[in-house]
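Me: I'm new to this one and would like to go through it slowly. Could you show it to me first?

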Amino acid sequence: MPDPDALPPLSLTVPEPEVRPGGQPDFSHVAIPRAGTVRRPPVDADPEEIRDLAFTIIRVMNREGEAVGPWAEALDFTPEDLLEGLRHMMTLRIYDARMLNAQRQQKTSFYMQHLGEEAISCGFQRALAPGDMNFPTYRQAGLLIAAGYPLSAMMNQVFSNAEDPMRGRQLPVCYSSREHGFFTISGNLATQYIQAVGWAMASAISGDRKISAAWIGDGSTAESDFHAALVFASTYKAPVVLNVVNNQWAISTFQGIARGGSGTFAARGLGFGIPSLRVDGNDYLAVMAVAKWAAERARRNLGPTMIEYVTYRAGGHSTSDDPSAYRPAEESTAWPLGDPVLRLKNHLIRLGVWSDERHAQAEAEILAEITAAQKRAEAIGTLHHGQHPSPVDMFEDVYAEMPPHLLKQRHEAGF
């Protein structure tokens, strides 16, 4: 044994991003395989036989807008389905822009964009069935849009007005809709991951056919709930899809801090015996293909699947964040996987079912629709003006039968 006094003193390794503000964006460390080259295993594949899929990136659309490879061949969506998917992403992007501007105008207290990540939530929703349940973070509003949730209800919540479906009890972007398979968003990070596994376990215990989907960002995988969820999911083979959105940044911390030495976030699942895949999160077709594979695995009682979506958060973390303080301003445009909306648009043009002219027309139509919905919502009220939820609402929807002490408090408050 060496003499401890002869060894150099101990030191910690603190991971650092490749570039800081003022430097040149560098994504040379992101190994990107050619579209269509990553194999598609059988749905019932043994996790040990597909370990390599946790270290590559599944891609379907190439730079020419073609859908190629085995994952593309397994898709059974029509051009009409893809046109609808494009509209979902365009709607989310335009909605984001309107709500971000509304926050800058002090019509709401807070907002979080999805810019650059639209394909993930909008594409994943297409693999789910009625009754399935998402346990989302604050950056998966595309699940609601793709499921047909009314834009007016989303806006009323953002404005915290009298028609806010959450009655002013939630942050503006913490939506909830059981009917649309969207569990209430928690402002506390990672809590939804273990909840999704528990919900899936309950579905299996009751002999149901419904599956759940857990969602988490790269930074929140450092939370203990993430690891506890993997223990339960792997032990009981819960019918759940474990989604990790790696958009490269937490609020100001690059993804290497939470990832540690595992190489990829998907690799975390391998230690639990969970089949784990990485997918191009800016490729709508790849997202749908992998989501369909994982959902089928869950429905066939084959247990959980972990999916890491490799993407980039083009906007700030929230309206409270200034990303120019910790990353180069040009970094989003340097991201090598491109823009999800433009990539699907180009694919549809190549199929001959879309054009630049029709795309511009659709943008105008969606903008008009969202602007009209916003005017109706603002007419009801915004953060500082108009009608707001009644104080009596604080007593409602808490207990099935209101206990005596709350009845007394409500009476004393004059309600």
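**Walking through the model**

Reply: Let us begin with Arg51, which lies in the segment before α1 (70-73), where helices (H or I, at least four residues) and strands (E, at least two) are DSSP runs numbered from the N terminus. This is a predicted model, in which local features need pLDDT of at least 70 and side-chain atom pairs count only at pLDDT 80 or more, while totals for chains, interfaces and linings use all residues. Residues are numbered from 1 along each chain as its sequence is written, and side-chain values use heavy atoms, with hydrogens and water left out.

Me: Okay, and how far apart are the C-alpha atoms of Arg51 and Gly273?
Reply: They are separated by 9.7 Å, although the two residues are 222 residues apart along the chain. Arg51 itself is partly exposed, with a relative accessible area of 35%; buried means under 20% relative accessible area, exposed over 50%, and partly exposed in between, using a 1.4 Å probe and protein chains only.

Me: Which domains does UniProt place here?
Reply: An unreviewed UniProt entry places "domain: 2-oxoisovalerate dehydrogenase E1 alpha subunit N-terminal" at residues 8-48 and "domain: Dehydrogenase E1 component" at residues 88-382. UniProt positions are in the numbering used here, feature names are shortened, and annotations may be inferred rather than shown by experiment. In the model, residues 8-48 are 0% helix and 0% strand, with end C-alpha atoms 40 Å apart, whereas residues 88-382 are 45% helix and 9% strand, with end C-alpha atoms 25 Å apart.

Me: Switching to the inside, which residues touch the most other members of the largest nonpolar core?
Reply: They are Tyr95, Phe124, Tyr175 and Tyr309, in a core of 76 residues; a nonpolar core is a set of buried Ala, Val, Leu, Ile, Met, Phe, Trp, Tyr and Cys residues joined through side-chain atoms within 4.5 Å. The largest share of this core, twelve residues, comes from helix α10 (residues 284-299). Apart from it lies another core, of 22 residues, including Tyr193 and Val244.

Me: What about aromatic pairs, how many are there?
Reply: The count comes to twelve, where rings of Phe, Tyr and Trp (its six-membered ring) pair if their centres lie within 6.5 Å, and planes under 30 degrees apart count as stacked, over 60 as edge-to-face and the rest as tilted. One pair is Phe124 and Trp215, edge-to-face at 5.0 Å centre to centre with 80° between the planes. This pair links distant parts of the chain, with Phe124 in helix α3 (residues 118-124) and Trp215 in strand β2 (residues 212-217), 91 residues apart.

Me: Are those two buried or exposed?
Reply: Phe124 counts as buried because its relative accessibility is 0%, and Trp215 is also buried, with a relative accessible area of 0%.

Me: And which strand does β2 run alongside?
Reply: Six bridges join β2 to β3, and the two run parallel; strands pair if DSSP finds at least two bridges between them. Within this pairing, Ala213 stands opposite Val241 in β3.

Me: How much of β3 is covered, then?
Reply: Seven of the seven residues of β3 (residues 240-246) are buried. In a regular strand the side chains alternate between the two faces of the sheet. In β3, Val240, Leu242, Val244 and Asn246 are buried on one side, and Val241, Asn243 and Val245 are buried on the other.
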